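Please go through the chain shown below from its overall layout down to single residues. The text after it keeps to that order.

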Amino acid sequence: MRRAVCPGSFDPVTNGHLDIIGRASRLFDEVIVGVLVNQSKQGLFTVEERIDMLREVTSSYDNVRVESFRGLLVDFCRAQQASVLIKGLRAVSDFDYELQMAQMNIGLAGVETLFMPTNPLYSFLSSSLVKDVAKWGGDISAHVPDTVRAQLAARLDPTP
């Protein structure tokens, strides 16, 4: 079975993430979306909330499942019996960092990294940018699924 991991923090998941996940699902028998648990970083959404959102928005893909992980990504890949990572690249600046990670991952555990260029519609999109725009009341409906937009609005609403 050809199995790949698509890792990230997904805080929150965007249409750019979903584009990469969907395209990867056509190339592999199974795609595991790995949600990083990072204790040193406080996210807007809990890991459980991110997992729930991802499971909802990827439910149309029969071969995609969502799991959380902590520690080394290559250890998660080993545990999932996946020898390939899928990473979306938006710009050259992404490539500089991701290339270093890819070289480390192949050296540590023989895990290959496949880079997928982001659809130009999403080349500027990041979770941080989406959160900033949403915080100030901007329209993010073209950048995230409706369920994510609603959860962002509820989370960022200043009224108790």
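The paragraphs below take up the fold, the core, the surface and then some residues in loops.

The model is a predicted one. Its chain holds 6 helices and 5 strands. Read from the N terminus, these elements follow one another as β-α-β-α-β-α-β-α-β-α-α. The radius of gyration is 16 Å, and the globule rule gives 15 Å for 160 residues; the two values are close, so the chain is as compact as a globular protein of that length. Along the principal axes, the C-alpha atoms occupy a box of roughly 50 × 30 × 30 Å.

How much of the chain is buried? Of the 160 residues, 44% are buried. Contacts across the sequence can be described in a similar way: among those with a separation of 6 or more, 76% are between residues 24 or more positions apart.

The largest nonpolar core contains 32 residues. Within this core, Ile21, Leu54 and Ile86 have the most contacts. Which elements supply at least two residues each to it? Among the strands these are β1 (3-8), β2 (30-36), β3 (64-69) and β4 (84-89); among the helices they are α1 (15-27), α2 (47-57), α5 (127-135) and α6 (146-156). The largest share, 5 residues, is that of α2. A separate core of 10 residues lies apart from this one, and Ile32, Phe69, Cys77 and Val111 are among its members.

Ile86 is worth following in the viewer. Once neighbours within four places in sequence are set aside, Ile86 has contacts with Ala4, Val5, Cys6 and Pro7. Ile20, Ala24 and Phe28 also belong to the residues that Ile86 touches, and Leu114 and Met116 complete the list.

Turning to the surface, the chain exposes about 8800 Å². Carbon and sulfur atoms account for 53% of that area. The chain carries 16 positive and 19 negative charges. The mean position of the positive charges and that of the negative charges are 3 Å apart.

Several backbone details are found in loops. The loop between β1 and α1 contains Phe10 and also Pro12. The peptide bond joining Asp11 and Pro12 is cis, with omega about 0°. Phe10 has a phi near 55°, which is a positive value in a residue other than glycine. Is Phe10 buried or exposed? Its relative accessibility is 3%, and buried means under 20%, so Phe10 counts as buried.

Gln81 also has a positive phi, of about 55°, and is not a glycine. This residue sits in the loop between α3 (73-80) and β4. The relative accessibility of Gln81 is 65%; because exposed means over 50%, Gln81 counts as exposed. Phe10 and Gln81 thus each have a positive phi, but Phe10 is buried, whereas Gln81 is exposed.

The last residue to locate is Gly71, in the loop between β3 and α3. Gly71 has a relative accessible area of 56% and is therefore exposed. How far apart are the C-alpha atoms of Gly71 and Val111? These two residues are 40 residues apart along the chain, and their C-alpha atoms are separated by 15 Å. Val111 was met above as one of the residues of the 10-residue core.

Terms used: Residues are numbered from 1 along each chain as its sequence is written. This is a predicted model: local features need pLDDT of at least 70, side-chain atom pairs count only at pLDDT 80 or more; totals for chains, interfaces and linings use all residues. Side-chain values use heavy atoms; hydrogens and water are left out. A nonpolar core is a set of buried Ala, Val, Leu, Ile, Met, Phe, Trp, Tyr and Cys residues joined through side-chain atoms within 4.5 Å. Buried means under 20% relative accessible area, exposed over 50%, partly exposed in between (1.4 Å probe, protein chains only). Helices (H or I, at least four residues) and strands (E, at least two) are DSSP runs, numbered from the N terminus. Contact means heavy atoms within 4.5 Å. The radius of gyration is taken over C-alpha atoms; the globule rule is 2.2 Å times the number of residues to the power 0.38. Accessible areas come from the Shrake-Rupley method with a 1.4 Å probe; for residues, only the protein chains shown count as cover. Lys and Arg count as positive and Asp and Glu as negative; His and the chain ends are not counted. The place of a charge is taken as NZ of Lys, CZ of Arg, CG of Asp or CD of Glu.
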